[in-house]
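Me: I should like a close look at the lining of one open space in this model, followed by an account of the other spaces and of the helix contacts. Please state each cut-off where its term is introduced.

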Amino acid sequence: FMKIRKIKDNIYLAGAADWDRRLFDSLIPLPDGTSYNSYLIKGREKTALVDTVDPATVDILLEQIKNIDNLDYVISNHSEQDHSGVIPQVLDKYKNAKCVVTPKGKDLIVEHLHVNPDRIKTVEDFETISLGNKTLEFIHTPWVHWPETMVTYLKEDKILFSCDFFGSHIATTDMYATDEMRVYEAAKRYYAEIMMPFRTIIKKNIEKVETREIDLIAPSHGPIYNKPNFIIDAYKDWISDTPKNSVVIAYISMHGSTRKMVEYLVNSLAEKGITVYQFDLAVTDIGKLAINLVDAATIILGTPTIHFGPHPNIIYAAYIANAVKPKAKFASIIGSYGWGTKAVEQIAGLIPNLKVEVLTPVLCKGLPLNQDYQSLEKLVETIFQKHKEIGVLQ
Ligand code: FEO
């Protein structure tokens, strides 16, 4: 496994690359694995560890720090177990160490890990701790993506330890984000899945951390950014209120009718200069779907009807879309039914969080006929006009 690696004098990258993990939270696909980064900072007087690792990789972290005789602080930027999970073992090994968290984090660490509250030190927003010649400043950044989250700024070295914030699910031997195309997609996937619902507050958090001069952003998933603007600018684009000129079509087809409708829509929208992302939910990686929901101006769900309602995979996709709250301005539903349907009403009830204008749905009985294609063409024309109105299509 990966040995501890020097970033700069007295600052080290520890933790584990989890090459083979393919599912996170038993929900999110991880095509590139992930990493749990932990950072060791040795000051002249005191030593700190920033974040730990997922309990599955506890042995790796303990091996990496086995020659460290004294640890004064274990900083917990975020209480979720993939970072905090090994805090109990670290506190066990270093009897004088304190776990440093936000006040909200204290409750979570006690409840989730049964850490003795006496071992916990809470820090207020912008509070600092001196390690001697190195100063850690704690900046509260709530809701990236839990209520208690903070980042740790190492003042003298201008390093921001950001935990999930700016992170990417990617296992790599590269210490830095050198393969930017690959890291961009992995970071966007991660943003889409867990940060997107909080984009308004994330905007404030970006402004807050930008008040500091930053040379390196060291997240607790994925490689370190030695060009911080690469990821900060990407985040600014993702959180902006302005969508892009794209349509996401997520669909299921049982006997091919809905698929014919989808193919018509995709071709016709493309002819009008609109980018379309087509996802068959029977085979789609929902992370890919989420990535494209970040920017889409319009979302279309295509469903057959089964037991009067939408296909269960569509219900799942609608639930996920409602949970991640993309910035889309328009939505519609298309599909086919055998003999009767309540699909539109049922889907509409599943997406109360989406602040979208619903464009007239197109449902047809059986195989689509000319009149159904005409209705689809009307929908395309409406989408074209709407994209023009909001200025994403010139
Ligand atoms: Fe990487 Fe929210 O934990």
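By class, how many nonpolar, polar and charged residues does the lining of the largest pocket have?

Reply: The lining of the largest pocket has 12 nonpolar, one polar and three charged residues. In that division, Ala, Val, Leu, Ile, Met, Phe, Trp, Tyr, Cys and Pro count as nonpolar, Asp, Glu, Lys and Arg as charged, and the others, Gly among them, as polar. The model is predicted, with pLDDT of at least 70 needed for local features and 80 or more for side-chain atom pairs, while totals for chains, interfaces and linings use all residues. Residues are numbered from 1 along each chain as its sequence is written, and side-chain values use heavy atoms, with hydrogens and water left out.

The pocket itself has a volume of about 340 Å³. A pocket here is an open set of points, on a 1 Å grid over the protein atoms alone, with protein on both sides within 12 Å along at least five of seven lines; a cavity is a set where a 1.4 Å probe fits but cannot get out, and lining residues have an atom within 4 Å of a point. Grid points are joined across faces, edges and corners, and a volume is the space filled by probe spheres set on the points. Sixteen residues are not listed here in full; of the 16 that line the largest pocket, Leu-27, Ile-28, Glu-193, Ile-194 and Val-324 lie nearest its centre. Two or more lining residues come from each of helix H5 (180-195), helix H9 (286-293) and helix H10 (312-324). H10 gives the most, with four residues. Helices (H or I, at least four residues) and strands (E, at least two) are DSSP runs, numbered from the N terminus.

The second largest pocket has a volume of about 220 Å³. It is lined by 16 residues, with His-255, Thr-305, Ser-336, Tyr-337 and Gly-338 nearest its centre. Helix H8 (257-271), strand E17 (296-306) and strand E19 (330-337) are the elements that give two or more residues to this lining, and the largest share, three residues, comes from E17. By class, the lining divides into six nonpolar, 10 polar and no charged residues.

Turning to the enclosed spaces, a search of the whole structure finds four cavities of 30 Å³ or more. The largest cavity has a volume of about 190 Å³; among its 20 lining residues, Met-2, Leu-13, Ser-35, Asn-37 and Thr-172 are the closest to the centre. At least two lining residues are supplied by each of strand E2 (11-18) and strand E5 (34-42), and E2 provides the largest share, five residues. This lining comprises 11 nonpolar, six polar and three charged residues.

The second largest cavity holds about 90 Å³ of space. E17, H10 and E19 each supply at least two residues of its lining, which divides into 11 nonpolar, one polar and no charged. Among the lining residues are Ile-299, Leu-301, Ala-318, Ala-321, Ser-332 and Ile-333.

H5, which contributes to the largest pocket, also packs against another helix. The axes of H5 and helix H7 (residues 228-239) come within 11 Å and cross at roughly 45°, which makes H5 oblique to H7. Axes are lines fitted to C-alpha atoms, for helices over the stretch in contact, and angles run from 0 to 180 degrees between N-to-C directions. Angles under 35 degrees count as roughly parallel, over 145 as roughly antiparallel, 65 to 115 as roughly perpendicular and the rest as oblique. The crossing of H5 over H7 is right-handed, that is, the near helix is turned clockwise from the far one by less than a right angle. Contact residues (heavy atoms within 4.5 Å) include Val-183, Tyr-184 and Ala-187 of H5 and Phe-230, Ala-234 and Trp-238 of H7. Those of the whole contact divide into 11 nonpolar, no polar and three charged.

H8, which contributes to the second largest pocket, has a partner as well. Its axis and that of helix H12 (residues 370-389) come within 10 Å and cross at roughly 40°; H8 and H12 are therefore oblique to each other, and H8 passes H12 in a right-handed crossing. Residues including Met-261, Tyr-264 and Leu-265 in H8 meet residues including Tyr-373, Leu-376 and Val-380 in H12. By class, this contact has nine nonpolar, one polar and two charged residues.
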